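Hi everyone, thanks for coming. I'd like to walk you through a protein that is probably new to most of you. Let me put it up on the screen.

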Amino acid sequence: MSVADTLNDLLAPLNHQLFLLGQDAVTTAELLGFATGAVCVWLCVRASSWNFPVGIANNLFFLVLFWGARLYADAALQVVFLLLAAHGWLRWLRGGDRRSRRPMGHASPAGLLVLLALLVPATWALTVILTRAHDSAPFWDALTTALSLAAQWLLNAKQVENWYFWIAADLVYIPLYAAKDLVLTAVVYVLFLGLCGVGLRSWLRELAAARPAAVAGVPA
């Protein structure tokens with residue numbers, strides 16, 4: 001038996017069709033991706049470091065789903081996210097002073113400018129690569145990949161601006177997945193978009209509350 005056959009046998013339970021939602025044949029991987037994704041974003045809203053291990057599980061489920069849908073950048077992105085999640089988890093737990101928990105903060109203007117400047121060449125390069133790889137939506141797949149990587153980088157640094165990048169990515173993800181007949185996944189990203197708004201407001205409130213405490217010398 002070949003490696004490919006063995007891999008297909010291992011993934012068969014995750015690719016099992018559970019039910020139809022419109023034209024979307026919802027699989028176990030898509031349903032589990034829905035559940036773990038929602039929990040992961042909610043934990044991010046709560047600024048809990050547990051978002052990272054839950055996110056790793058989400059990456060694995062969506063890797064299976066996106067590869068089957070020929071969204072190759074999204075599939076490869078899950079591998080990158082898995083590695084970034086491990087990095088972010090360690091950074092949140094040991095990235096503060098004297099290896100303490102990392103505090104919430106803002107990205108520097110220079111850092112944001114660098115990320116924004118990198119979005120254009122990153123999207124262009126990925127579009128070229130994905131077009132040659134016969135990806136089903138090369139430009140939009142490349143754009144969401146670039147936005148998501150920037151968002152994850154800011155999330156790993158526990159910087160509130162990560163929410164703006166996630167919101168921008170979700171606004172593209174929703175019609176992209178709907179067009180691919182991944183209806184449940186599109187619905188998930190509508191939920192994610194709403195949670196991003198809640199997360200942005202929650203983090204801004206927490207930062208605002210921490211400023212007076214820091215000025216008064218009280219631990220936040």
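Let's start in the middle. The largest nonpolar core here has 49 residues, and those with the most contacts inside it are Phe-66, Trp-163, Phe-165, Trp-166, Tyr-177, Tyr-189 and Trp-203. Who contributes to this core? At least two residues come from each of these helices: H2 (28-45), H3 (51-68), H4 (72-94), H5 (109-132), H6 (138-156), H7 (162-179) and H8 (183-216).

Before I go on, please keep in mind that this is a predicted model.

Now, pick out Trp-203 from that core. Which residues does Trp-203 touch, leaving out those up to four places away in sequence? The list is Cys-44, Val-45, Ala-47, Trp-92, Met-104, Leu-155, Lys-158, Gln-159, Val-160, Asn-162 and Trp-163.

Let's step back to the overall layout. The protein has 8 helices and 2 strands, and along the sequence they come in the order α-β-β-α-α-α-α-α-α-α. Of its 220 residues, 45% count as buried. Looking at contacts with a separation of 6 or more, 65% are between residues 24 or more positions apart. As for the outside, the protein exposes about 11,600 Å², and carbon and sulfur atoms supply 70% of that.

Here is something from the records. An unreviewed UniProt entry lists residues 25-45, 52-69, 75-92, 112-131 and 186-204 under "transmembrane region". What does the model show for two of these spans? Residues 75-92 are 100% helix and 0% strand, with end C-alpha atoms 25 Å apart. Residues 112-131 are likewise 100% helix and 0% strand, and there the end C-alpha atoms lie 28 Å apart.

Next, a little loop residue. Ser-48 sits in the loop between H2 and H3. Is Ser-48 buried or exposed? Ser-48 counts as buried, because its relative accessibility is 18% and the cut-off for buried is under 20%. Setting aside neighbours within four places in sequence, Ser-48 is in contact with Leu-43 and Trp-92. You met Trp-92 a moment ago, as one of the residues that Trp-203 touches.

Last stop, the surface. Leu-18, Phe-19 and Leu-31 make up a nonpolar patch there, with about 230 Å² of accessible area together. Within that patch, Phe-19 belongs to strand E1, residues 17-21. Phe-19 has 35% relative accessibility, so it counts as partly exposed.

That's the tour, and I'm happy to go back to any part of it.

Key: Residues numbered from 1 in each chain as written. Predicted model: local features only at pLDDT ≥ 70, side-chain atom pairs only at ≥ 80, totals over all residues. Heavy atoms only, no water. Helix = DSSP H or I, 4+ residues; strand = E, 2+ residues; numbered from the N terminus. Buried < 20%, exposed > 50% of the residue type's maximum accessible area, 1.4 Å probe, protein only. Contact = heavy atoms within 4.5 Å. Areas by Shrake-Rupley, 256 points an atom, 1.4 Å probe, with all protein chains shown as cover. Core = buried A, V, L, I, M, F, W, Y, C linked by side-chain atoms within 4.5 Å. Patch = residues over 30% accessible without salt bridge, like charges linked within 9 Å, V, L, I, M, F, W, Y side chains within 5 Å. Salt bridge = Lys/Arg side-chain N within 4 Å of Asp/Glu carboxyl O. UniProt positions renumbered as here; feature names shortened; annotations may be inferred.
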